[in-house]
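Work through these exercises with the sequence and the model side by side. Try each task before you read its solution.

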Amino acid sequence: MAQTLLDPRMLNTAQALPAMSGANLTGISSGMTLVQHQSITSSTAEMAFTNLVAEFHVLHLWNVKPVSDAVNLQARISADNGSSYATGSQYSYANRGNDSGGTTGDQRGQNQTAWLFSGSEGTSNTASGSVYTFAFDRAKINQTEMLGHWKAAVRGASSVLDATQGSFSVHSIGTNDVDGIKFYFSSGNIATMEGSLFSVAVA
């Protein structure tokens, strides 16, 4: 029977094991990589992420608070790196919201001019900021469509908390793939918002 010898230092907690380099390891996915981080601390119209090159992204938004009360977070995409944003009737979304006051509300739209990420009510401008997580395929391979999904804990304007989740898509993008996305409120500016965009390894 083959024997395996243990390094005696593994049995001695006072003895540190030698450092090992992972430089020569192969075939290991790098997971997620931070692409951009942005921070808004005073009244600003929008938060835009451009120069997108990876196929799949995860985006975290937190401390999301509007200047105006009871408004909804929205988004549009760009196929020219933020020079312009698509405003045609090509956005679709479907979501379900449940708030702490006992109200359940569905929001849905097809062939709209923007995405709407609200639940059963708008966002408060006085309470703590809301938190969103998005995951989306930006249509690097299929250049005519883009789709994704999100979950959020929204600080409601009336109820204390609104839990919302849903899916979103855009079609008829054109010959260029999506390389930009911007977030803004349905009315008024953003008061505060933090955003971290990550690319996801696909190989």
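**Exercise 1.** Count the salt bridges: how many are there by the rule?

*Solution.* Start with the rule: a salt bridge is a side-chain nitrogen of Lys or Arg within 4 Å of a carboxyl oxygen of Asp or Glu. By this rule the count is 4 salt bridges. The background is simple: side chains of opposite charge can pair when their charged atoms come close.

Two notes on the source. This is a predicted model, where local features need pLDDT of at least 70, side-chain atom pairs count only at pLDDT 80 or more, and totals for chains, interfaces and linings use all residues. Residues are numbered from 1 along each chain as its sequence is written, and side-chain values use heavy atoms, with hydrogens and water left out.

**Exercise 2.** Find the partner of Lys182, then say which parts of the chain the pair ties together.

*Solution.* Step one: Lys182 forms a salt bridge with Glu46, and their closest N and O atoms are 3.4 Å apart. Step two: Lys182 sits in strand β11 (residues 180–185), while Glu46 sits in the loop between β1 (32–40) and β2 (47–50), so the pair ties together parts that are 136 residues apart in sequence. Strands here are DSSP runs of E with at least two residues, numbered from the N terminus.

Step three: check the surface. Buried means under 20% relative accessible area, exposed over 50%, and partly exposed in between (1.4 Å probe, protein chains only). Lys182 has 13% and is buried. Glu46 has 32% and is partly exposed.

**Exercise 3.** Are Arg138 and Asp177 buried or exposed? Locate both residues as well.

*Solution.* First, the contact: the side chains of Arg138 and Asp177 form a salt bridge, 2.8 Å from N to O. Next, the location: Arg138 lies in the loop between β8 (130–137) and β9 (145–154), and Asp177 in the loop between β10 (162–171) and β11, so this pair ties together parts that are 39 residues apart in sequence. Last, the surface: Arg138 and Asp177 are both buried.

**Exercise 4.** Which residues are linked with Arg108 in a network of salt bridges?

*Solution.* Begin with one pair: Arg108 meets Asp106 in a salt bridge of 3.4 Å, N to O. Arg108 is exposed at 60% relative accessibility. Asp106 is partly exposed at 35%. Now add Arg96: the network links Arg96, Asp106 and Arg108.

**Exercise 5.** In which sense do β3 and β8 pair?

*Solution.* Two strands pair if DSSP finds at least two bridges between them. Strand β3 (residues 56–66) and β8 pair in the antiparallel sense over 7 bridges. Here His60 stands opposite Thr133 in β8.

Terms used
Helices (H or I, at least four residues) and strands (E, at least two) are DSSP runs, numbered from the N terminus.
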